[in-house]
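Here are three short exercises on reading a protein model. Try each task before you read its solution.

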Amino acid sequence: MKLVPLSDRVVLKEMKAETKTASGIILTESAQEKPQQAEVVAVGPGGVVDGKEVVMNVKEGQKVIYSKYAGTEVKFGDEKYIIVKQSDILAVVED
């Protein structure tokens, strides 16, 4: 089984939150900020959304930064994913 997003939706898998600050302080889980960086797991087909043609600009495997309060968290199997609209993705992280 796999998640297949519809329309202009993108399925993301969150990157792990930092557990240590740059100065070496170890953070408890409650003190860790929710990461806004994720890996694209699946991309919808795009198409016409609200009367406008939407072309999907992200691809599976890319790392992206998304809006802090965007999307819907879902648990599928043992994994947690976030489903967002493509417009909630702010940037693609390139190496």
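The exercises below deal with a predicted model, going from the whole chain to one loop residue and then to the core.

**Exercise 1: the whole chain**

Work out which elements the chain has, and how many of each.

Solution.
Step 1. Count the helices: there are zero.
Step 2. Count the strands: there are eight.
Step 3. Read from the N terminus: the order is β-β-β-β-β-β-β-β.
Step 4. Look at the contacts between residues at least 6 apart in sequence: 64% of them join residues at least 24 apart.
Step 5. Check burial: 25% of the 95 residues are buried.

**Exercise 2: a loop residue**

Decide whether Gln-86 is buried or exposed, and find what its side chain reaches.

Solution.
Step 1. Place Gln-86: it sits in the loop between strand E7 (79-85) and strand E8 (89-93).
Step 2. Apply the cut-off: buried means under 20% relative accessible area. Gln-86 has 12% relative accessibility, so it counts as buried.
Step 3. Follow the side chain of Gln-86: it reaches the backbone oxygen of Val-55 at 3.1 Å.
Step 4. Leave aside neighbours within four places in sequence. The contacts of Gln-86 then include Asp-8, Val-10, Val-54 and Met-56.

**Exercise 3: the core**

Find how many residues the largest nonpolar core has, and which elements give two or more residues to it.

Solution.
Step 1. Count the residues of the largest nonpolar core: 14.
Step 2. Name residues with the most contacts inside this core: among them are Val-10, Val-84 and Ile-89.
Step 3. List the elements giving two or more residues: strand E1 (9-14), strand E2 (37-43), strand E5 (63-66) and E7.
Step 4. Take Val-84 and skip residues up to four places away in sequence. Val-84 touches residues including Val-10, Leu-12 and Ile-89.

Definitions and conventions:
Residues are numbered from 1 along each chain as its sequence is written. This is a predicted model: local features need pLDDT of at least 70, side-chain atom pairs count only at pLDDT 80 or more; totals for chains, interfaces and linings use all residues. Side-chain values use heavy atoms; hydrogens and water are left out. Helices (H or I, at least four residues) and strands (E, at least two) are DSSP runs, numbered from the N terminus. Buried means under 20% relative accessible area, exposed over 50%, partly exposed in between (1.4 Å probe, protein chains only). Contact means heavy atoms within 4.5 Å. A polar contact is a pair of N or O atoms within 3.5 Å; within protein, one must be able to donate a hydrogen and the other to accept it, and residues adjacent in sequence count only if both atoms are side-chain atoms. A nonpolar core is a set of buried Ala, Val, Leu, Ile, Met, Phe, Trp, Tyr and Cys residues joined through side-chain atoms within 4.5 Å.
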